[in-house]
Amino acid sequence: MNNYKNAITLMEEMFSRDYQFAMATMVNDIPSLRFIDTYFDNGVFYAVTYANTHKVKEIAVNPNVALCSRKGYSFNGKAYNIGHPLLPKNSDIRSKLIKAFNPWYFKHNNENDNICILKMEPKSGFVHKDGIGYNINFVDKTVNTAPFDFNIVLTDE
């Protein structure tokens, strides 16, 4: 198995569940940052949100986004509103999101309202595990690895 496949397998192990990232968007040179719950599937991150939020409006103007976690995982790429979860084309990912975001999915998402699924396609990113850092190029499907020691002291705030 090559390094890229290893990195994707690692990401599936780490992020194919409810995983919170800070997501940055930018419009008119003004950055905006918020925490979102994501789910990683088939090389792509997904999130569910209301279609009238600032992040959805900002992504419509400028699809470039960045994700960053408290553990130093980071990604940048493009995000798209792929429509309402009840659209037939979204049925497979909706099922996975409901399972991953259980038990809060239906407490925070009214599917009778104007909600949508955001699809975030990473172009590059960084993850680490067991002393190895993975710089991933999703476009070229390449990975550079190097020893990496995550020695940042995390605080509660």
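**A walk through the fold, starting at D41**

Let's begin with a single residue: D41, which sits in strand β2, made of residues 30-41. Keep in mind as you look around that this is a predicted model. Is D41 buried or exposed? Its relative accessible area is 17%, and the cut-off for buried is under 20%, so D41 counts as buried. What does the side chain of D41 meet there? It makes a polar contact of 3.2 Å with the side chain of K96. If you skip the neighbours within four places in sequence, D41 is in contact with Y46, I93 and K96.

From here, let's move to the strands around β4. Strand β4 has two faces: V65 and L67 are on the covered one, while N64, A66 and C68 are on the uncovered one. On one side, β4 is joined to β1 by three bridges, and these two strands run antiparallel. If you want to find a spot where they meet, look for M23, whose bridge partner in β4 is L67. Strand β4 also pairs with β5, again in the antiparallel sense, this time over five bridges. Here V65 stands opposite G77 in β5. The two strands β4 and β5 form a hairpin with five residues between them, and in the turn G72 has a positive phi of about 90 degrees.

There's another hairpin further along the chain. Strand β7 (residues 132-137) and strand β8 (residues 142-147) run antiparallel and are joined by six bridges. One pairing to look for is G133, which has A146 as its bridge partner in β8. Four residues lie between these strands, and K141 takes a positive phi near 60 degrees.

Now for the inside. In soluble globular proteins, nonpolar side chains tend to be buried together. In this model the largest nonpolar core has 30 residues, and the members that touch the most others are M11, F15, F45, F75, M120, V127 and I136. Which element gives the most to this core? That's helix α1, with seven residues. Take M120 and see who surrounds it: leaving out residues up to four places away in sequence, M120 touches M23, I36, T38, V44, F45, Y46, A47, V65, L67, K78 and A79. You've already come across V65 and L67, on the covered face of β4. Apart from the largest core lies another one, of 12 residues, among them Y46, I82, I93 and I115. Y46 and I93 should ring a bell, since both are in contact with D41.

Next, look for the rings. A pair of aromatic rings is described by the distance of the centres and the angle of the planes. The structure holds 16 aromatic pairs. One of them is Y19 with Y73: the ring centres are 6.3 Å apart and the planes are at 55 degrees, so this pair is tilted. The pair links distant parts of the chain, with Y19 in strand β1 and Y73 in the loop between β4 and β5, 54 residues apart. Both Y19 and Y73 are buried. Another tilted pair is F40 with F45, at 4.9 Å centre to centre and 55 degrees between the planes. F40 is buried, with a relative accessible area of 0%, and F45 is buried at 1%. Ring pairs link these four into a cluster that also includes Y4, F15, F21, F75 and F138.

Finally, let's turn to charge. Side chains of opposite charge can pair when their charged atoms come close. The count here comes to five salt bridges. In one, the side chains of E13 and K129 meet at 3.9 Å, N to O. E13 lies in helix α1 and K129 in strand β6, so the pair ties together parts that are 116 residues apart in sequence. E13 is exposed, with a relative accessible area of 54%, whereas K129 is partly exposed at 35%.

In another salt bridge, R94 and E111 meet at 2.7 Å, N to O. R94 is in helix α3 and E111 in the loop between α4 and β6, so this pair ties together parts that are 17 residues apart in sequence. Are these two buried or exposed? Both R94 and E111 are buried. K119 and E121 form a salt bridge too, with their closest N and O atoms 3.7 Å apart. K119 is partly exposed at 24% relative accessible area, and E121 is partly exposed at 31%.

How values were computed:
Residues are numbered from 1 along each chain as its sequence is written. This is a predicted model: local features need pLDDT of at least 70, side-chain atom pairs count only at pLDDT 80 or more; totals for chains, interfaces and linings use all residues. Side-chain values use heavy atoms; hydrogens and water are left out. Two strands pair if DSSP finds at least two bridges between them. Rings of Phe, Tyr and Trp (its six-membered ring) pair if their centres lie within 6.5 Å; planes under 30 degrees apart count as stacked, over 60 as edge-to-face and the rest as tilted. Buried means under 20% relative accessible area, exposed over 50%, partly exposed in between (1.4 Å probe, protein chains only). A salt bridge is a side-chain nitrogen of Lys or Arg within 4 Å of a carboxyl oxygen of Asp or Glu. A nonpolar core is a set of buried Ala, Val, Leu, Ile, Met, Phe, Trp, Tyr and Cys residues joined through side-chain atoms within 4.5 Å. Contact means heavy atoms within 4.5 Å. A polar contact is a pair of N or O atoms within 3.5 Å; within protein, one must be able to donate a hydrogen and the other to accept it, and residues adjacent in sequence count only if both atoms are side-chain atoms.
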